[in-house]
Amino acid sequence: MQNDKTKQSVIIVGGGWAGLTCATELASMGYQITLLESARQLGGRARRVAFDDQPVDNGQHILIGAYRETFAVLKRLNISLSKSIDRRALNLLFQYCGGRKFNLKLPALLTPLNLFIGLLKAKGFSARDRWHALIFGSKLFSNSVFYESDISVSELLSNEKQTENNIKALWEPLCLASLNTPIEEASARVFVRILHDTFCRSHKDADLVIPKIDLGALLPDPASDFIEQHSGTVHLSKRVTNIDIVQRHVVGVRCENEVYKADHVVLALPPHACLPLIKDHSALHDIAYNFNSFSYNPIVTAYVKYPTSVRPNLPIQALLGTTSQWIVSRDVAGQPGLIAVVISGPGPHMQLDNDQLANTIKSELANCFPHWPQADDVKIIREKRATYSCRVGIDLLRPDNKTRINGLWLAGDYTKTSYPATIESAVISGKRTAELINQI
Ligand SMILES: Cc1cc2nc3c(=O)[nH]c(=O)nc-3n(C[C@H](O)[C@H](O)[C@H](O)COP(=O)(O)OP(=O)(O)OC[C@H]3O[C@@H](n4cnc5c(N)ncnc54)[C@H](O)[C@@H]3O)c2cc1C
């Protein structure tokens with residue numbers, strides 16, 4: 001059985017980016033894949049949705065140059081990166097509506113020179129702001145930001161003597177965008193890791209990357225074709241209701257009364273969707289216990305339609321002191337005039353209904369960009385459980401891919417990777433699970 005992979009069958013439960021990565025990796029190694037997805041489409045939390053006649057995403061996703069495994073998977077599926085993503089050196093503008101502006105632009109120099117010169121020349125910050133940011137940057141680079149036990153990002157920033165401008169106009173927006181968790185609750189350990197990976201390895205890692213095509217076309221569609229070309233099957237609208245385990249060995253899954261048998265089962269689901277499947281199996285009680293401790297944060301994306309003449313100078317900008325946090329021009333995705341407004345994390349905006357929230361966002365944009373014409377239409381998409389809350393101590397809850405049940409595996413953005421809940425984390429976990437299965 002070990003040498004004849006073509007005879008081994010694997011059921012992947014969940015067609016998000018973790019499940020699809022795992023499925024395509026295993027399919028290319030000769031495993032017989034059956035992918036079961038409960039929704040009517042693939043992609044999970046990174047999927048295509050329709051806005052009138054245009055394809056958009058369930059949430060505007062922003063990637064960074066450090067997403068090496070994501071780009072590697074796209075390349076393995078023969079997806080042309082030049083046609084599918086817009087990649088450019090980091091140039092971030094943070095602005096209070098009608099007020100102060102801050103700009104961090106990284107020059108095309110080797111790390112850490114790019115970071116140090118970028119911080120030295122950052123606009124809007126005082127000499128004192130820049131000095132403290134530089135000291136923090138050099139500690140990140142030399143890997144000397146270390147705490148015995150995890151602390152919150154706000155505690156970290158205060159320990160590192162970050163000024164109010166640095167916190168409000170740099171670290172807080174970056175923390176919310178990358179961890180989807182307010183700085184008072186967010187894990188300093190994860191934040192430091194992501195800052196290190198972004199700014200301290202290669203200068204290309206800090207690049208900002210925006211998909212030029214919808215997320216469904218980026219990975220789920222080609223991945224599904226790839227699985228089927230490798231004799232696998234992809235089933236949509238199939239909710240797995242049970243996993244079948246005999247003497248500590250997984251033998252398959254059920255969708256109500258339908259039985260699917262396999263040598264391995266990969267649960268590529270978020271913790272809240274895994275829980276009902278594992279909670280009755282005593283060997284998995286410790287994992288179920290940890291899953292109960294996960295909490296989740298929302299992300300709202302508002303797609304605001306303007307006349308096509310609205311073309312911001314930068315594709316991404318951050319707004320400070322407003323409900324709207326980031327605005328992304330969909331011009332890069334061939335949709336001029338369409339602006340995606342992103343609001344990460346919890347907040348009073350979640351109490352507003354869609355009309356109230358749309359009006360708030362439209363009036364904020366009208367204040368910040370008075371030269372823009374009136375917006376035509378707004379589509380609000382709320383993902384209430386967009387990501388797990390990446391709070392202090394989260395690393396202790398994140399499981400390995402291997403479980404105590406032979407043949408049963410966990411994949412997903414929440415498993416033990418160095419990244420917070422991101423596409424890169426989902427892809428790393430899917431790839432790692434495939435490698436572990438192949439090592440057996
Ligand atoms: C609005 C929003 C904005 C985001 N922005 C960014 C960003 O800018 N950059 C970034 O890197 N990341 C971002 N993320 C995070 C990123 O999308 C996720 O980390 C990633 O998609 C998670 O993938 P996954 O495969 O681990 O899980 P999921 O995508 O949740 O996949 C799980 C799949 O399992 C299916 N499923 C559930 N239960 C069952 C069952 N019982 N049987 C069968 N199938 C089942 C689900 O339908 C789903 O398709 C964002 C997420 C959201 C929601």
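Begin by selecting strands E5, E9 and E6, which form an open sheet of three strands in that order, with antiparallel pairing. The model on display is a predicted one. The two edges of this sheet are strand E5 (63-64) and strand E6 (85-88), each of which pairs on one side only. Next, add strand E9, residues 208-211, to the selection: E9 runs antiparallel to E6, and four bridges join the two. To locate one of the bridge partners, select Ile85 and then Pro211 in E9, which is its partner. Strands of a sheet pair through backbone hydrogen bonds, either parallel or antiparallel.

**The ligand and its shell**

Now display the ligand together with the residues around it. There are 35 of these residues, and those that come nearest are Glu37, Arg45, Ile62, Tyr67 and Asp413. Select Arg45 first: a polar atom of its side chain lies 2.7 Å from an oxygen atom of the ligand. Tyr67 may be selected next, where an N or O atom in the side chain is 2.7 Å from an oxygen atom of the ligand. At Thr422, the contact comes from the backbone, with a polar atom 3.3 Å from a ligand oxygen atom. How much of the ligand's accessible area does the protein cover? On its own the ligand has 1,000 Å² of accessible area, and the protein covers 92% of it.

To see which elements contribute to the shell, colour helix H1 (17-28), strand E19 (377-388) and helix H14 (423-439); these are the elements that give two or more residues to it. By residue class, the shell divides into 17 nonpolar, 12 polar and six charged residues. A view by domain is also instructive. Domain 1 (5-83 + 213-294 + 398-439) and domain 3 (297-386) both give residues to the shell, so the ligand lies between them.

**An aromatic pair at Tyr67**

Keep Tyr67 selected and add Tyr419. A search of the whole structure finds 11 aromatic pairs. Tyr67 and Tyr419 form one that is edge-to-face, with 6.2 Å from centre to centre and 85° between the planes. Which parts of the chain does this pair tie together? Tyr67 lies in the loop between E5 and helix H2 (68-76), while Tyr419 lies in the loop between strand E20 (408-410) and H14, so the pair ties together parts that are 352 residues apart in sequence.

**Two hairpins**

Move to strand E3 (residues 48-51) and strand E4 (residues 54-57), which run antiparallel and are joined by four bridges. Within this pairing, Val49 has Val56 of E4 as its bridge partner. The hairpin of E3 and E4 has two residues between the strands, and Asp52 takes a positive phi near 50° there.

For the other hairpin, select strand E7 (residues 91-96) and E8, which pair in the antiparallel sense over five bridges. Leu93 has Asn103 in E8 as its bridge partner. Four residues lie between the strands of this hairpin, in which Gly98 takes a positive phi near 65°.

**Two details of the backbone**

Continue to Thr111 and Pro112, which are joined by a cis peptide bond with omega of about 5°. Pro112 is found in the loop between strand E8 (101-105) and helix H4 (113-120).

The last stop is Asn78. Where should the viewer look for Asn78? It is found in the loop between H2 and helix H3 (81-84). Although Asn78 is not a glycine, it has a positive phi of about 65°.

Conventions. Residues numbered from 1 in each chain as written. Predicted model: local features only at pLDDT ≥ 70, side-chain atom pairs only at ≥ 80, totals over all residues. Heavy atoms only, no water. Pairing = 2+ DSSP bridges. Near = heavy atom within 4 Å. Polar contact = N/O pair within 3.5 Å; in protein donor to acceptor, adjacent residues only side chain to side chain. Areas by Shrake-Rupley, 256 points an atom, 1.4 Å probe, with all protein chains shown as cover. Nonpolar A, V, L, I, M, F, W, Y, C, P; charged D, E, K, R; others polar. Domains from an automatic or database assignment. Phe/Tyr/Trp six-rings, centres within 6.5 Å; stacked < 30°, edge-to-face > 60°.
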